[in-house]
Amino acid sequence: MKVIDATLDDSPNIDAIRSLVELRIRNLQCFRELDFFCRNQKFKGLHPVVIHTRQFEELSKLWIIDRDEFYRRHYCCKNNIRRYRGRISQKGIPDNVVTKDTILLEKYRSLDGVFNTVINATINGNK
């Protein structure tokens with residue numbers, strides 16, 4: 001954050017401002033998650049790190065128990081990415097639909113990353 005602040009002091013630009021805002025949002029999410037954990041002894045599950053950890057554990061178990069189901073879910077995830085990417089690039093779609101589809105596209109891209117992490121972890125012998 002200090003690096004971004006220094007960049008903003010020297011030459012403010014839109015990318016640096018966006019980075020600072022996104023970092024602040026992530027920090028606030030993290031604080032809320034940890035505060036909830038301190039009060040309730042469980043995670044809320046809204047921070048991306050917590051979500052990815054939970055998904056990784058679930059998919060790792062699925063990899064061990066039922067590989068066909070794992071591959072079916074991965075295939076569906078990739079199809080969702082293709083579908084939302086196509087819908088976003090279409091012309092004449094209302095802005096609210098594009099916004100929703102962009103959020104869903106990012107959700108499925110991050111889930112695809114978790115799928116790939118599970119596959120790479122098992123191939124490399126980490127899990």
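This is a short tour of helix H5 and the residues around it, in a model that is predicted.

**Start with H5**

Select residues 95–123, which make up helix H5. Put a distance between the C-alpha atoms at its two ends and you should get 42 Å. That agrees with expectation, because 29 residues at 1.5 Å a residue should span 42 Å. Just past the helix, click on glycine 125: its phi is positive, near 85 degrees.

Now colour the buried residues of H5: Asp101, Leu105, Tyr108, Leu111, Asp112, Val114, Phe115, Val118, Ile119 and Ala121. Two aspartates are on that list, Asp101 and Asp112, and we'll stop at each.

**Into the core**

Next, bring up the largest nonpolar core, which has 14 residues. Which of its members touch the most others? Show Leu59, Phe70, Cys77, Tyr108, Leu111 and Phe115 as sticks and you have them. Helix H3 (48–65), helix H4 (67–89) and H5 are the elements that each give two or more residues to this core. H5 gives the most, with 7 residues. As background, nonpolar side chains tend to be buried together in soluble globular proteins.

Zoom in on leucine 111 and leave out its neighbours within four places in sequence. What remains in contact with leucine 111 is Gln55, Leu59 and Cys77.

**One step along: aspartate 112**

Move to aspartate 112, still in helix H5. Is this residue buried or exposed? It counts as buried, because its relative accessibility is 12%, below the 20% cut-off. Look for its partner: the side chain of aspartate 112 makes a polar contact with the side chain of histidine 74, at 2.8 Å. Widen the selection, skipping residues up to four places away in sequence, and aspartate 112 touches Cys77, Lys78 and Ile81 as well as His74.

**The other aspartate**

Slide back along H5 to aspartate 101. This one is buried too, with a relative accessible area of 4%. Add arginine 87 to the selection: the two side chains meet in a salt bridge, 3.1 Å from N to O. Aspartate 101 lies in helix H5 and arginine 87 in helix H4, so the pair ties together parts that are 14 residues apart in sequence. Arginine 87 itself counts as partly exposed, at 34% relative accessibility.

**More salt bridges**

The structure holds 6 salt bridges. In general, side chains of opposite charge can pair when their charged atoms come close.

For one within H5, select glutamate 106 and arginine 109, whose closest N and O atoms are 3.2 Å apart. Both sit in helix H5, 3 residues apart, or about one turn of the helix. Each is partly exposed: glutamate 106 has a relative accessible area of 44%, and arginine 109 has one of 39%.

Now leave H5 and select arginine 73 with glutamate 58. Their side chains form a salt bridge at 3.1 Å, N to O. Where do the two partners lie? Arginine 73 is in helix H4 and glutamate 58 in helix H3, 15 residues apart, and the pair links distant parts of the chain. Arginine 73 counts as partly exposed at 32% relative accessibility, as does glutamate 58 at 44%.

For the last stop, add Glu69 and Arg72 to that pair. Together with Glu58 and Arg73, they are linked in a network of salt bridges.

Conventions:
Residues are numbered from 1 along each chain as its sequence is written. This is a predicted model: local features need pLDDT of at least 70, side-chain atom pairs count only at pLDDT 80 or more; totals for chains, interfaces and linings use all residues. Side-chain values use heavy atoms; hydrogens and water are left out. Helices (H or I, at least four residues) and strands (E, at least two) are DSSP runs, numbered from the N terminus. The expected span of a helix is 1.5 Å times one less than its number of residues. Buried means under 20% relative accessible area, exposed over 50%, partly exposed in between (1.4 Å probe, protein chains only). A nonpolar core is a set of buried Ala, Val, Leu, Ile, Met, Phe, Trp, Tyr and Cys residues joined through side-chain atoms within 4.5 Å. Contact means heavy atoms within 4.5 Å. A polar contact is a pair of N or O atoms within 3.5 Å; within protein, one must be able to donate a hydrogen and the other to accept it, and residues adjacent in sequence count only if both atoms are side-chain atoms. A salt bridge is a side-chain nitrogen of Lys or Arg within 4 Å of a carboxyl oxygen of Asp or Glu.
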